[in-house]
Amino acid sequence: MVLRSLALIESWPVPTAAAGVVRADGAVLGAQGPVGLRFPLASVTKPLAAYAVLVAYEEGAIELDEPAGPPGSTVRHLLAHTSGLAFDEHRVTAAPGERRLYSNAGFEQLGDHVAKATDIPFAEYLRQAVLEPLGMTDTSLEGSPAKDGVSTVTDLLRFAAEVQAPRLLDPRTVAQAMTVQYPGTKGVLPGYGHQNPNDWGLGFEIRDAKSPHWTGGSSSPRTFGHFGQSGTFLWIDPAARAAGVALTDRAFGPWAIEAWPVFTDAVLSELRG
């Protein structure tokens with residue numbers, strides 16, 4: 001199958017864009033643009049970092065419900081953005097579990113926690129635990145586990161295939177990651193405003209009934225993934241049995257709010273057809 005809908009990225013108002021779609025068995029259903037070009041991921045770094053944290057959990061280095069981050073918070077709280085930490089500051093603004101406060105600082109504390117537990121710098125742990133086993137040779141973490149990943153469409157399609165059919169993790173662990181943690185929690189989805197509830201799994205945002213949203217109007221409620229302020233996204237739609245990745249070199253803004261759902265709906269329509 002060659003997905004003609006991927007050509008929509010050529011009309012996006014961006015200097016450079018690349019995109020691809022992959023099934024759980026690793027079959028790439030289509031690709032468009034320079035899929036081997038490295039792009040800054042911004043917050044699409046978080047699912048990669050979360051996967052490494054879950055490997056550390058399965059290896060017994062950490063527990064999901066052990067203390068981590070601010071007082072009363074756990075690894076699970078940090079992964080689910082309910083630790084109470086502020087967005088970009090290591091400052092507590094709410095009690096753990098009270099609100100969905102999207103937090104880069106929380107993911108930085110996660111990285112520190114895993115590094116301390118494993119005695120391996122987090123960027124190196126991510127490389128050994130996730131990137132190397134999946135053959136993601138063009139992906140690296142250049143700083144914060146919240147936002148400083150660099151990768152290619154080709155590498156992220158490998159990751160998206162892994163999440164759909166896990167080999168590095170027990171499928172039950174991945175099922176937890178795509179299951180709402182702390183149901184009913186309100187919060188702001190960056191770029192899209194207040195959502196009630198603002199559902200999140202373990203490192204992955206869950207679409208559910210959110211509106212507006214960066215995925216498509218026809219995306220299933222079970223769709224999960226992440227987008228980044230560098231103009232990037234990765235979604236996995238279990239109903240479509242496929243995942244989509246798009247990377248650009250233009251910052252997220254009104255152009256993306258307009259273009260991304262149209263693109264995703266076109267891809268999903270073609271998959272169903």
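Colleague: What is the strand order of the open sheet of 6 strands?
Modeller: This is a predicted model. In it, the order is E2-E1-E11-E10-E9-E8, with antiparallel pairing.

Colleague: Why are E2 and E8 said to stand at the edges?
Modeller: Strand E2 (28–32) and strand E8 (205–206) each have a single partner strand, so one side of each is left without a neighbour in the sheet.

Colleague: How do you know that E8 and E9 pair?
Modeller: Pairing needs at least two bridges. E8 and E9 are joined by 2 bridges and run antiparallel, so they count as paired. One bridge sets Ile206 against Phe224 in E9.

Colleague: And what makes E9 and E10 a pair?
Modeller: Set the count against the cut-off of at least two bridges. Strand E9 (residues 224–228) and strand E10 (residues 232–237) pair over 5 bridges, in the antiparallel sense. Phe224 stands opposite Ile236 in E10. Gly225 stands opposite Trp235 in E10.

Colleague: How many residues lie between E9 and E10 in their hairpin?
Modeller: There are 3 residues between them. Gly231, in the turn, has a positive phi of about 85°.

Colleague: What makes E9 mostly covered?
Modeller: 5 of its 5 residues are buried. Each therefore falls under 20% relative accessible area. Phe224, His226 and Gly228 are buried on one side, and Gly225 and Phe227 on the other. Both faces are covered.

Colleague: Which helix lies across E9 and E10?
Modeller: H5 does, and it also lies across strand E1 (17–23), E2 and strand E11 (242–248). It runs at about 25° to E1. Angles under 35 degrees count as roughly parallel, so H5 and E1 are roughly parallel.

Colleague: Glu162 sits in helix H5 (residues 153–164). Is Glu162 buried or exposed?
Modeller: Buried. Its relative accessibility is 1%, and the cut-off for buried is under 20%.

Colleague: What makes the pair of Glu162 and Tyr51 a polar contact?
Modeller: Their side chains come to 2.7 Å. The limit is 3.5 Å between N or O atoms, so the pair qualifies. Beyond its neighbours within four places in sequence, Glu162 is in contact with Tyr51, Leu134, Arg167, Leu168 and Leu169.

Colleague: Why is H1 called roughly perpendicular to H4?
Modeller: The axes of helix H1 (residues 45–58) and H4 cross at roughly 75° and come within 9 Å. That angle falls in the range 65 to 115, so the helices count as roughly perpendicular. On the H1 side, the contact is made by Leu48, Ala49, Tyr51, Ala52, Val53, Val55 and Ala56. On the H4 side, Phe122, Tyr125, Leu126, Ala129 and Val130 take part.

Colleague: Why is Glu124 with Arg127 called a salt bridge?
Modeller: The closest N and O atoms are 2.7 Å apart. The cut-off is 4 Å, so the pair passes. Both residues lie in helix H4 (residues 122–131), 3 residues apart, about one turn of the helix.

Colleague: What makes Glu124 and Arg127 partly exposed?
Modeller: Glu124 has a relative accessible area of 26%. Arg127 is at 33%. Partly exposed lies between 20% and 50%, so both residues fit.

Colleague: How do you know that Asp170 and Arg172 form a salt bridge?
Modeller: Their closest N and O atoms are 2.7 Å apart, and the limit is 4 Å. Asp170 is partly exposed at 24%. Arg172, at 65%, counts as exposed, because the cut-off is over 50%. Elsewhere, salt bridges that share partners join Glu124, Arg127 and Glu132 into one network.

Colleague: What makes Arg91 and Glu89 a salt bridge?
Modeller: Their side chains meet at 3.0 Å, N to O. That is within 4 Å, so the pair counts. Arg91 is partly exposed at 42%. Glu89 is also partly exposed, at 42%.

Colleague: How many salt bridges does the rule give?
Modeller: The count comes to 11.

Colleague: His77 lies in helix H2 (residues 75–79). Why is His77 called buried?
Modeller: Its relative accessibility is 9%. Buried means under 20%, so His77 meets the cut-off. Leaving out residues up to four places away in sequence, His77 touches Gly72, Thr82, Ser83, Pro96, Gly97 and Tyr182.

Terms used. Residues numbered from 1 in each chain as written. Predicted model: local features only at pLDDT ≥ 70, side-chain atom pairs only at ≥ 80, totals over all residues. Heavy atoms only, no water. Buried < 20%, exposed > 50% of the residue type's maximum accessible area, 1.4 Å probe, protein only. Helix = DSSP H or I, 4+ residues; strand = E, 2+ residues; numbered from the N terminus. Polar contact = N/O pair within 3.5 Å; in protein donor to acceptor, adjacent residues only side chain to side chain. Contact = heavy atoms within 4.5 Å. Axes fitted to C-alpha atoms, helices over the stretch in contact; angles between N-to-C directions. Parallel < 35°, antiparallel > 145°, perpendicular 65-115°, else oblique.
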